[in-house]
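Good morning, everyone. Let's take a quick look at one model together. Please have the sequence and the structure open.

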Amino acid sequence: MATNKKALLIDITKCIGCQACAGACKEAHGVTGDPEPKLSETALTVVQDKNGKFVRKQCLHCEQPACGSACLVGAITKTAAGPVVYDKSKCVGCRYCMIACPHSVPRYEWSKLAPYMKKCDMCYDKRVSKGQPTACAEACPVGATIFGDRDEMLREARRRILDDPKYVPHIYGEREYGGASMLFLSDVEFEKLGFMIPPTEAPLPEVSKAALDEAPMVVLVGGTMLAGLYWITNRRREVLLAEAQKKTLKFPVGDEEERS
Amino acid sequence: MPETKTKKPIITVWRVILGVIFLAGAYATYLRFVVGWSAATNLSDAQPWGMWVGVATLCGVGLSAGGFATAAAVYLLGMERYRPIARAAVLVAFLGYVSVCVGYAYELGLPWLFWHALIYWNPKSVLFDVMFCILAYTTVLTIEVSPAIVERLPFNGFKKTYMHWHHRLATAVVLAGVLLSSMHQSYLGGLFLIFRDKMYPLWYTPALTTMFYLSAIPAGLAMVIITLYLCNRSLGTKVDPKILKEVAWVISPMLILYFVWRMVDLVKHGGGPYLFKPTSEAAYFWLEMALFVFLPVFMLNNRWVMNRPEGVYWSSAVVIAGFITNRVNVSINALERATQANYIPKWPEMAVTVMLVTCAILAFRYAVIYLDILPKKAKSTRKWLANAGVAANA
Ligand code: SF4
Ligand code: SF4
């Protein structure tokens, strides 16, 4: 199945921690400053030292992004080319995307009075939509991050696993949360490197959608039942009222209190 | 709570307290909108939602549940006995929702763009549904409370037409309100479903929607009881304490139902082993259970307690405290382990929350004083009903 969906393949065993990708990312996004140890509003990708392994952290560009399904106004969307992009002109700043993301990727401009969400956009506007590789992939001096068609990247990853027994036989991002456009290879288990291991492969949006789909049913059934109940009580009241009027009593209420 | 008796002196303790609350609130507002987030809150990338979502929104909406429960009982199920408190219950809900809406102004990063929610729809988002319910139900509540104001207007012609149409549409409006708020209460729980892998197992369950719904109704009724008790005490209204007691009786079985359901669900979804681990989460969980279930169920079934109005009042207060603990646990404490945020609200966050609650209380107080919300004299309850309650709503 040939799609023109793009992906990055990040081989943790090859990374030398030189921070070239982080630097190139800053440059591509017009931010200055040194590489940072943690994701921030000015560092959309970082290289973290996890017990001697260098692990890149940034948005994984999920096939079915939790952030995108969470977003109140639909400001976050998955493009056909793979990148999950953010339209800041729609955002209202509810920050639901930040908690919804299982990898805790989105950041917020807490210091600004009109703050926006910030995350890796996989260089969609400036490069990927024009057929160029991302800035980080281009900058990597040892080919630890490479860019290409997702299918091709998966094939390459499998080839490496077959050729070299040091790899754990798992491509992180192939299926986690329904798959992603960032694929990782490693020679230590992913949970030891701080990767989120989901209990099932189902994408998170489906988890919450299941509950939502019930709601219209609740309304339909509940509404009909209530309307029915109302009809019954109303009939009863009408009968009562008619009887009461015969006795020239205006309202059949409050009688009890009066007697007591 | 407005416990002031209308006394002569201009400077009373309550007025001083009110002054402090509003000054603090105003300064916190300045910090939030002029100086910035970091000055006003302890929110961070690890903890993007804090007290304003956890307390202002979740609790505000939850404690408003008494409105639809009472409205359904009286207007749809014909439980006429509770008609004297229906207007007040709906007013509590209305003010609750208005506070939530105002709270959003603080909570959203770009509050002046809130209308985006109306034009950019994302039906996949639970928050979108929540927003929509808030807007729709606030509108419905406005219609439901409007007669209390309209009947005070001097324009007779307008008044008559308005009441006529209101009367005709009342049932539909109440029905819409009940459904909307039922949906809304559950959707609030639905918000947390997508945090599956970040929430502590003691709170995460696919049934969060049901749990939120089941816990909101008793809490909402407790809120109505508290409000009316305080009105009787300080505003000279005459709501039959027997009615409050009856409402309180309904709460205890609801809490037990909630508890059983919650426990079965917890064990079913693998939360069982976490119940007695020596973690702070387990402690929070048992605190929640103690305040929301054990203590109130004991109090509500205790003759000595229930035979005095203060007893009814304090049992309701405990229910509310337990309810707030639950919502704070779900929205803040359940996430802290995964996000590794050590969140404690900053004082401006608390100041804003307290100010919102105070505004709602004051609005309620003046509504009771100046409008026909509650019967003011015991003898004329029936006449009051005839004039206000019945005339305004079928
Ligand atoms: S990693 Fe997080 S921010 Fe990136 S697409 Fe997935 S859910 Fe969204
Ligand atoms: S903060 Fe903005 S992008 Fe994120 S969910 Fe809210 S509206 Fe969407």
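**Cysteines first, then a ligand and a patch**

Start at Cys25(A). Its closest cysteine sulfur belongs to Cys123(A), and the gap is 6.4 Å, too far for a bond. Remember that this is a predicted model. Why is that distance too far? A disulfide needs two cysteine sulfur atoms within 2.5 Å, and 6.4 Å does not meet that. So how many disulfides are there over all chains? The count is 0.

Is Cys25(A) buried or exposed? It is buried, because its relative accessibility is 11% and the limit for buried is under 20%. Cys71(A) is buried too, at 8% relative accessible area.

Stay with Cys71(A), since it takes us to ligand 2. Cys71(A) is one of the residues that surround this ligand. Three more cysteines are on that list: Cys91(A), Cys94(A) and Cys97(A). Val73(A), Ile76(A), Tyr86(A) and Val92(A) are there as well. Gly93(A) and Arg95(A) complete the shell. What is the shell like by class? It has 8 nonpolar residues, 1 polar and 1 charged.

Now over to chain B, and out to the surface. Here we find a nonpolar patch of about 700 Å². Phe114(B), Trp115(B), Leu118(B), Ile119(B), Trp121(B), Phe132(B) and Leu135(B) make it. Which elements give two or more residues to the patch? They are helix H6 (116-119) and helix H7 (126-150) of chain B.

Last stop, Leu135(B). Leu135(B) sits in helix H7 of chain B. Its relative accessibility is 33%, so it counts as partly exposed.

That's my tour. Thank you.

Notes
Residues are numbered from 1 along each chain as its sequence is written. Chains are lettered from A and ligands numbered from 1 in the order in which they are written. This is a predicted model: local features need pLDDT of at least 70, side-chain atom pairs count only at pLDDT 80 or more; totals for chains, interfaces and linings use all residues. Side-chain values use heavy atoms; hydrogens and water are left out. Patches are made of residues with over 30% relative accessible area and no salt bridge: like charges are joined within 9 Å, nonpolar side chains (Val, Leu, Ile, Met, Phe, Trp, Tyr) within 5 Å. Accessible areas come from the Shrake-Rupley method with a 1.4 Å probe; for residues, only the protein chains shown count as cover. A salt bridge is a side-chain nitrogen of Lys or Arg within 4 Å of a carboxyl oxygen of Asp or Glu. Helices (H or I, at least four residues) and strands (E, at least two) are DSSP runs, numbered from the N terminus. Buried means under 20% relative accessible area, exposed over 50%, partly exposed in between (1.4 Å probe, protein chains only). A residue is near a molecule or strand if one of its heavy atoms lies within 4 Å of it. Ala, Val, Leu, Ile, Met, Phe, Trp, Tyr, Cys and Pro count as nonpolar, Asp, Glu, Lys and Arg as charged, and the others, Gly among them, as polar.
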